[in-house]
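Open the model in your viewer and keep the sequence panel visible. The stops below each begin with something to select.

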Amino acid sequence: MKKNKKIKEKKIKKFKKIFNKKRLVILGIIILVIIGFFIIIKDKKPEINDNAGAQVQIYPLTNEQKNIVSQTILSSEFIKDLPDNGAIALQFYDFVDGQRRWQGGPLIGKDGFLSEGQPDIILIMHSKYISQLDGTNLCDIIKSAQTNGDLGMETTESEVRLLLKYSGMIKYRDCFGF
């Protein structure tokens, strides 16, 4: 009888040791999940805002500039490969008296231009390249602007989310530089 009791006590002690180890493993997994969550949140890039709190005036493109940009974008192949729920804003800028002056630009969706929506990506390009657009050379102009440091990109999405959402546009990565 005493032997059975000792065996039971050993089994209980062994069970408690195993149970404590399982608790530690579960606690470790929970901690790793929490750390992973914070890493994912940290990966999400904040929107860049050089003039925090300041009102930014956006000047419209001229009719001629709008026509050139519209014609070039609508004839570009990449539009058909945009995701159904994707939006890219093309924003232009110029310098006047040493100050950056923002100019409007289109919000581009799968079927052309969108009248409203939140862009996933904002491409920012110097307006001096508008006059170089000829309706068929958007990719060449974007590459040129990027080479000259006149192209920027802003997003509030993580690179992983953008990669998943815009995977159909991978074939244009050389054009957009990503």
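A polar contact is a pair of N or O atoms within 3.5 Å; within protein, one must be able to donate a hydrogen and the other to accept it, and residues adjacent in sequence count only if both atoms are side-chain atoms. This is a predicted model, in which local features need pLDDT of at least 70 and side-chain atom pairs count only at pLDDT 80 or more, while totals for chains, interfaces and linings use all residues. Residues are numbered from 1 along each chain as its sequence is written, and side-chain values use heavy atoms, with hydrogens and water left out.

**The whole chain**

Show the chain as a cartoon. Its secondary structure comes to five helices and seven strands; these are DSSP runs numbered from the N terminus, helices being H or I with at least four residues and strands E with at least two. Following the sequence, you pass through the pattern α-β-α-β-β-β-β-β-α-β-α-α.

Now switch on the surface. The accessible surface is about 13000 Å², and 57% of this belongs to carbon and sulfur atoms; such areas come from the Shrake-Rupley method with a 1.4 Å probe, and for residues only the protein chains shown count as cover. Of the 178 residues, 30% count as buried. Buried means under 20% relative accessible area, exposed means over 50%, and partly exposed is in between (1.4 Å probe, protein chains only).

**Asp 120**

Select Asp 120, in the loop between strand 5 and strand 6. Is Asp 120 buried or exposed? Its relative accessibility is 8%, so Asp 120 counts as buried. Add Tyr 166: a polar contact of 2.5 Å joins the side chains of Asp 120 and Tyr 166.

Next add Lys 165. The side chains of Asp 120 and Lys 165 form a salt bridge with an N to O distance of 2.9 Å. A salt bridge is a side-chain nitrogen of Lys or Arg within 4 Å of a carboxyl oxygen of Asp or Glu. Lys 165 counts as partly exposed, at 28% relative accessibility. If contact means heavy atoms within 4.5 Å, Asp 120 touches residues including Asn 85, Glu 154 and Leu 162, not counting residues up to four places away in sequence.

**The other salt bridges**

How many salt bridges does a search of the whole structure find? The search finds four. Select Lys 171 and Asp 81, whose side chains meet at 3.3 Å, N to O. Lys 171 lies in the loop between helix 4 (159–165) and helix 5 (173–176) and Asp 81 in the loop between helix 2 (63–74) and strand 2 (88–96), so this pair ties together parts that are 90 residues apart in sequence. Lys 171 is exposed, with a relative accessible area of 57%.

Move to Asp 150 and Lys 128, where the salt bridge is 3.2 Å, N to O. Asp 150 is in the loop between helix 3 (138–147) and strand 7 (151–155), and Lys 128 is in the loop between strand 6 and helix 3; they are 22 residues apart. Asp 150 is buried at 11% relative accessible area, whereas Lys 128 is partly exposed at 43%. Then select Lys 80 together with Asp 81 and Lys 171, which are joined into one network by salt bridges that share partners.

**The core**

Select Leu 90 and Phe 176. These are the residues with the most contacts inside the largest nonpolar core, which has 26 residues. A nonpolar core is a set of buried Ala, Val, Leu, Ile, Met, Phe, Trp, Tyr and Cys residues joined through side-chain atoms within 4.5 Å. Helix 3 supplies the largest share of this core, four residues.

Add Leu 123, which is in strand 6 and is buried at 7% relative accessibility. Among the residues Leu 123 touches, beyond those up to four places away in sequence, are Leu 90, Met 153 and Phe 176. To try the distance tool, pick the C-alpha atoms of Leu 123 and Thr 155: they are 9.0 Å apart, with the two positions 32 residues apart along the chain.

**Two last stops**

Select Ser 76, in the loop between helix 2 and strand 2. Ser 76 is buried at 16% relative accessibility, and a polar atom of its side chain lies 2.8 Å from the backbone oxygen of Thr 72.

Finish at helix 1 (residues 2–43), where Ile 26 is placed. Ile 26, Ile 30 and Ile 34 make a nonpolar surface patch of about 270 Å². Patches are made of residues with over 30% relative accessible area and no salt bridge; like charges are joined within 9 Å, and nonpolar side chains (Val, Leu, Ile, Met, Phe, Trp, Tyr) within 5 Å.
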